[in-house]
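Subject: Structure handover

Hello,

Here is the structure I said I would pass on. Please open it alongside this note.

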Amino acid sequence: MIRSDIKSLSAYHVPDSSGMIKLDAMENPYDLPEQLRHDWLQHLAGVNLNRYPDADMLPLRRKIAKRDGVDPEQVLLGNGSDEIIQMLLLATNPGTCVVPRPTFVMYDMISRWLKRPVASAPLRADFSLDADHFLQVCAREKAEIAFLACPNNPTGNLWDEETISRIARGLNGQLVIDEAYGPFAERTHTHLISPNVMVLRTFSKLGWAGLRLGYLLGDADQIAHLNKVRMPYNINALTQASAEFLLDHFDVFEQQAAVIRSERERLHKALARIKALTVFPSQTNFLLVRVPDAAAVFTGLKQAGILIKSMHGADPMLAQCVRITVGTTEENDAVIAALKEMSL
């Protein structure tokens, strides 16, 4: 009963992090302030769990639209950005999906689930993106849709604005600019929104990973068509109520993001002082680091109670690389100390 191509795939693996300093999944390490947590729980007490959630979610879409300077009709909500990627690949013409390489794995995985061909344009050695080459691949493959993670995961860098603009202007298809790490970057791309350019975002990296809420900003007509493949009631009532409440206290999360950005720079400088490490520039809440032996570093940190992500084997360009989420000051200090103690 199971398709042979599905049998050949590997499931997305999430390792057990019990009792560990968890720095493998790009989460905000800070919990809600105690008073805000109390008020949030009081707010949730009014949710009627015996009823289906609001299917249209207009109050929540209005709040998001106001914050991002668009109309509510330009906002599509998803169960994390992953579900929106799936909607986009379901709704667009079944041609080739083009992505940079390396980049976020779910563009490729979901395309394969849906039997859509995928083509990639390798990044340069410094992880920069060649706009001309990317457009050449799109033209050659007759791309129907392309994804650009800005900043990029797992490399952490943000491609220059002219590169993104040139691809937006030159692509004969749908361009999706994924700003999952937007809260930690120097710019956004909402000014590029048009019938063939959309901006994808998530609240997960900002501190709401447990809510699983992503959203897409785009042309109102295109959003209306995408809504036709959105599952009914795809955002549960508790997530809707939580997001509506937390958006009224958004300054808390913006302050946390500022602390994470500051810690990112401190962690970058500290790791760069270790001669055996190459630390790549980042505008995200993680650092990509090339080490002498990724397996040994992963194991050594795990033995020290720290869980990171080994990227070795994911792509030739990521050989001997690990990805480290920026944690709290104390967690980052633990990473620095553990790496200094290793024989690198």
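Below is what was found, starting with the sheet and ending at the surface.

Keep in mind that this is a predicted model.

**The sheet**
The sheet is open and has 7 strands. Their order is 2-8-7-6-5-3-4, and the pairing is mixed. Strand 2 (75-78) and strand 4 (118-122) are the edge strands. Each of them pairs on one side only. From one strand to the next, the twist averages 25°.

**One strand pair**
Look at strand 3 (residues 96-101) and strand 5 (residues 143-149). They run parallel and are joined by 3 bridges. Thr96 has Ala143 of strand 5 as its bridge partner.

**Helices on the sheet**
Helix 4 (residues 80-91) packs on the sheet. It touches strand 2, strand 3, strand 5, strand 6 (174-178), strand 7 (197-202) and strand 8 (214-217). The direction of helix 4 makes about 115° with that of strand 2.

Helix 6 (residues 131-140) also packs on the sheet. Its contacts are with strand 3, strand 4 and strand 5. The direction of helix 6 makes about 160° with that of strand 4.

**The surface**
Which residues make the nonpolar surface patch of about 310 Å²? They are Tyr12, Val14 and Val105. Val14 sits in the loop between helix 1 (4-7) and strand 1 (21-22). Is Val14 buried or exposed? Its relative accessible area is 60%. The cut-off for exposed is over 50%, so Val14 counts as exposed.

Best wishes

Methods. Residues numbered from 1 in each chain as written. Predicted model: local features only at pLDDT ≥ 70, side-chain atom pairs only at ≥ 80, totals over all residues. Heavy atoms only, no water. Patch = residues over 30% accessible without salt bridge, like charges linked within 9 Å, V, L, I, M, F, W, Y side chains within 5 Å. Areas by Shrake-Rupley, 256 points an atom, 1.4 Å probe, with all protein chains shown as cover. Salt bridge = Lys/Arg side-chain N within 4 Å of Asp/Glu carboxyl O. Helix = DSSP H or I, 4+ residues; strand = E, 2+ residues; numbered from the N terminus. Buried < 20%, exposed > 50% of the residue type's maximum accessible area, 1.4 Å probe, protein only. Pairing = 2+ DSSP bridges. Axes fitted to C-alpha atoms, helices over the stretch in contact; angles between N-to-C directions. Contact = heavy atoms within 4.5 Å.
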